[in-house]
Amino acid sequence: MVDHVQSLARGLAVIRAFSAAEPELTLSQVARATGLSRAAARRFLLTLTDLGYVRSDGRLFALTPRVLELGYAYLSSLSLPEVADPHLERLAAEVGESASVAVLDGQDVVYVARVATARIMRVTISIGTRFPAYCTSMGRVLLAALPPEALETYLGRAELRRLTSHTIVLPAALRAELDEVRGRGWAMVDQELEEGLRSIAAPIRDRAGRTVAAVNVSTHATRTSLQAARRDLLPPLLATATKIETDLSSLSPATRP
């Protein structure tokens with residue numbers, strides 16, 4: 001390939017030679033891991049040391065925190081959906097259920113990222129799909145994070161319609177449910193949006209601790225009991241929320257949701 005810069009490729013190979021299992025390497029180990037000669041490996045290591053990406057005690061070499069700059073430029077250009085997508089894919093693969101991320105927009109939640117494993121609702125869910133916030137797990141998480149005044153404004157304007165026999169439609173009952181969600185840090189909704197649909201959601205917070213979105217896993221009631229959802233779906237869901245938050249904390253102010 002004419003445009004291939006071999007020296008750049010070799011320099012990146014030297015960086016990739018380091019890992020959590022081998023955070024410190026000798027010159028010989030770097031040469032073996034990269035297929036470079038000792039002389040070439042030494043030149044790359046010394047160059048990376050001069051640039052501040054590698055440190056050395058004279059025998060062992062190790063990466064410095066400055067290598068994080070290489071990934072920061074990529075992460076800082078991402079939006080919430082782009083950050084969330086790979087995490088949703090891993091979550092959906094792990095639990096075998098559909099996973100989504102949504103934000104609050106007025107009275108509704110709006111889906112901004114989704115990985116579907118099977119269709120379990122009559123309505124096809126895609127990016128941009130809107131559902132009433134009061135009867136969805138992600139909506140409950142987002143409503144529970146609102147300041148008291150904003151929540152009261154929402155309750156005063158929202159039309160709490162009974163979509164199923166399970167739907168909470170009394171403002172006092174919804175307020176009590178939101179208090180519980182706020183206290184435990186996640187929400188479970190059992191067949192309130194559609195019969196047979198169960199979902200569990202967790203907040204996604206920015207670096208200031210503000211809830212900016214929610215992530216959920218949805219399943220069918222015939223497939224997953226409430227107890228099984230708490231046991232099998234909640235732990236990986238919470239772990240995924242934390243991972244998304246970690247990546248979001250690297251976003252620049254201009255791209256942060």
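Modeller: Two strands are said to pair if DSSP finds at least two bridges between them, and the model discussed here with that term is a predicted one.

Colleague: Which residue in strand 5 is the bridge partner of Val101?

Modeller: Strand 4 covers residues 98-105 and pairs with strand 5 in the antiparallel sense, over seven bridges. Strand 5 itself covers residues 108-115. Within strand 5, the bridge partner of Val101 is Ala113.

Colleague: Which residue in the turn of the hairpin formed by strand 4 and strand 5 has a positive phi?

Modeller: Strand 4 and strand 5 form a hairpin, and two residues lie between them. In that turn, the residue with a positive phi, of about 65°, is Gly106.

Colleague: How many of the eight residues of strand 5 are buried?

Modeller: A residue counts as buried when its relative accessible area is under 20%. By that cut-off strand 5 is mostly covered, and of its eight residues the number buried is seven.

Colleague: On strand 6, which residue stands opposite Asp108?

Modeller: Strand 6 covers residues 130-132, runs antiparallel to strand 5 and is joined to strand 5 by three bridges. In strand 6, the residue that stands opposite Asp108 is Pro132.

Colleague: In what order do the six strands of the open sheet stand?

Modeller: The pairing in this sheet is antiparallel. One of the pairs is strand 8 with strand 9 (residues 211-220), over nine bridges, and another is strand 7 (residues 187-190) with strand 8, over four bridges. Taken across the whole open sheet, the six strands stand in the order 6-5-4-9-8-7.

Colleague: Which strands stand at the edges, each with a single partner strand?

Modeller: The open sheet has the strand order 6-5-4-9-8-7. A strand at the edge has a single partner strand, so one side of it is left without a neighbour in the sheet, and this holds for strand 6 and strand 7.

Colleague: Which residue of strand 9 is the bridge partner of Arg198?

Modeller: Strand 8 covers residues 197-205 and is mostly covered, with eight of its nine residues buried. Two of its residues can be followed across to strand 9: the bridge partner of Ala202 there is Val215. For Arg198, the bridge partner in strand 9 is Thr219.

Colleague: How many residues lie between strand 8 and strand 9 in the hairpin they form?

Modeller: Strand 8 takes part in a hairpin with strand 7, where six residues lie between the two strands and Gln191 in the turn has a positive phi of about 60°. In the hairpin of strand 8 and strand 9, Gly209 in the turn has a positive phi of about 85°. The number of residues between strand 8 and strand 9 is five.

Colleague: At what angle does helix 9 run to strand 8?

Modeller: Helix 6 (residues 137-144) lies across strand 4, strand 5, strand 7, strand 8 and strand 9, and runs at about 155° to strand 9. Helix 9 (residues 226-248) lies across strand 4, strand 7, strand 8 and strand 9. The angle at which helix 9 runs to strand 8 is about 30°.

Colleague: Which residues does the UniProt annotation "domain: HTH iclR-type" cover?

Modeller: The annotation comes from an unreviewed UniProt entry. In the model, the span it names is 54% helix and 16% strand, and its end C-alpha atoms lie 25 Å apart. The annotation covers residues 5-65.

Colleague: Why do the buried residues of helix 2 line one face of the helix, and within what arc do they fall?

Modeller: In helix 2, residues 27-34, the buried residues include Leu27, Val30 and Ala31. Seen down the axis of helix 2, its buried residues are confined to one arc, so they line one face of the helix. On the other side of helix 2, Arg32 and Ala33 are exposed. The buried residues fall within an arc of 100°.

Colleague: What angle does the direction of helix 2 make with that of strand 1?

Modeller: Three strands form an open sheet in the order 1-3-2, with antiparallel pairing. Strand 1 and strand 2 stand at the edges of that sheet, each with a single partner strand, so one side of each is left without a neighbour there. Helix 2 packs on this sheet and touches strand 1 and strand 3. With the direction of strand 1, the direction of helix 2 makes an angle of about 95°.

Key
Residues are numbered from 1 along each chain as its sequence is written. This is a predicted model: local features need pLDDT of at least 70, side-chain atom pairs count only at pLDDT 80 or more; totals for chains, interfaces and linings use all residues. Side-chain values use heavy atoms; hydrogens and water are left out. Buried means under 20% relative accessible area, exposed over 50%, partly exposed in between (1.4 Å probe, protein chains only). UniProt positions are given in the numbering used here, feature names are shortened, and annotations may be inferred rather than shown by experiment. The arc is that of the directions from the helix axis to the C-beta atoms. Contact means heavy atoms within 4.5 Å. Axes are lines fitted to C-alpha atoms, for helices over the stretch in contact, and angles run from 0 to 180 degrees between N-to-C directions.
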